[in-house]
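I opened this one cold and kept notes as I went. Here is the structure, followed by what I looked up.

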Amino acid sequence: MYAPPVQRLITELSKLPGVGGRTAQRLAFHLLRGSDEDARALADAIREVKERIGLCEVCYNLADGPTCRICADERRDPELICVVEEPSDVISIERTHEFRGRYHVLGGALSPIDGIDPEDLKIAELYARVQAGGVREVVIATNPTTTGEATALQIAAGVRERLPGVAITRLAS
Ligand SMILES: [Zn+2]
């Protein structure tokens, strides 16, 4: 129906969460009507974020180097680890200015129905971090959803089994 480049743009846009076919079409035509400059700025921003941003090798938060800014910050308490599902959860907690420890980003929550098993998340990496020593408390701040609660239970049991001395708390959102 459309010229192949237009169809390609619509197809790519429709892969974004919450964007259906009709919205993808609307966005594509918005971009076509707009200036070359705006379209290029959007394309460059997408390219740059994919080239420069990766996952922190310690906590799996977003990072523009080997480690994220929080792991690189010596003032943050390394004995206190807050476990969250996504990098966006780190931002939410940071906004409260109440947590002074470090994070561990799982990359989602356990959901067998959706095929998300422990191996798909950074759970083994969390256990390894705790077992490496120097951790006093694990604060579990997964979402208050069915999958988030199931993940919290599994992690609490897993940490307790490996290191009974580490305190485990559940942070209510
Ligand atoms: Zn980090």
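Is H97 buried or exposed? I looked it up, and H97 counts as exposed, at 67% relative accessibility. One note to self before going on: this is a predicted model.

**Entry: two odd backbone angles**

I found H97 in the loop between α5 and β4. Its phi is positive, about 55 degrees, although H97 is not a glycine. Y60 also caught my eye, with a positive phi of about 70 degrees and, again, no glycine there. Y60 sits in the loop between β1 and β2. I checked its cover too: Y60 is buried, at a relative accessible area of 18%, which falls under the 20% cut-off.

**Entry: the β-α-β unit**

Next I followed the chain around that H97 loop. Strand β3 (residues 77-84), helix α5 (residues 87-96) and β4 make up a β-α-β unit, and the unit is right-handed. β3 and β4 pair in the parallel sense, over five bridges. I picked out one of the partners: V84 is bridged to V105 in β4. How many residues of β4 are buried? I got five of five for this strand, which spans residues 101-105.

**Entry: N61**

I went back to the loop between β1 (54-55) and β2 (62-63), where N61 lies. N61 is buried, with a relative accessible area of 8%. What does N61 touch, apart from its neighbours within four places in sequence? My list has G54, L55, C56, C68, I70, P87, V90 and V105. I had already met V105 as the bridge partner of V84.

**Entry: a nonpolar patch**

I then turned to the surface. V49, I53, L55 and L62 form a nonpolar patch there, with about 340 Å² of accessible area together. I looked closer at I53, which is placed in the loop between α3 (36-52) and β1. I53 is partly exposed, with a relative accessible area of 34%.

**Entry: salt bridges**

My count came to nine salt bridges. I started with R52 and D64, whose closest N and O atoms are 4.0 Å apart. This pair links distant parts of the chain, with R52 in helix α3 and D64 in the loop between β2 and α4 (69-72), twelve residues apart. R52 is partly exposed at 48%, while D64 counts as exposed at 53%.

I moved on to R136. D77 forms a salt bridge with R136, and the closest N and O atoms are 3.2 Å apart. D77 is in strand β3 and R136 in the loop between α6 (123-131) and β5 (137-140), so the pair ties together parts that are 59 residues apart in sequence.

E79 forms a salt bridge with R136 as well, at 2.8 Å between the closest N and O atoms. E79 also lies in β3, so this pair ties together parts 57 residues apart in sequence. I noted that E79 is partly exposed, with a relative accessible area of 34%. Salt bridges that share partners also join E48, R52 and D64 into one network.

**Entry: A156**

Last, I checked A156, in helix α7 (residues 146-162). A156 counts as buried, at 11% relative accessibility. Beyond residues up to four places away in sequence, I found that A156 touches I140 and I168. I also took a distance: A156 and D73 are 26 Å apart in space, C-alpha to C-alpha, and 83 residues apart in sequence.

Definitions and conventions: Residues are numbered from 1 along each chain as its sequence is written. This is a predicted model: local features need pLDDT of at least 70, side-chain atom pairs count only at pLDDT 80 or more; totals for chains, interfaces and linings use all residues. Side-chain values use heavy atoms; hydrogens and water are left out. Buried means under 20% relative accessible area, exposed over 50%, partly exposed in between (1.4 Å probe, protein chains only). Helices (H or I, at least four residues) and strands (E, at least two) are DSSP runs, numbered from the N terminus. Two strands pair if DSSP finds at least two bridges between them. A crossover is right-handed if, with the strands pointing away from the viewer, the path from the first strand over the helix to the second runs clockwise. Contact means heavy atoms within 4.5 Å. Patches are made of residues with over 30% relative accessible area and no salt bridge: like charges are joined within 9 Å, nonpolar side chains (Val, Leu, Ile, Met, Phe, Trp, Tyr) within 5 Å. Accessible areas come from the Shrake-Rupley method with a 1.4 Å probe; for residues, only the protein chains shown count as cover. A salt bridge is a side-chain nitrogen of Lys or Arg within 4 Å of a carboxyl oxygen of Asp or Glu.
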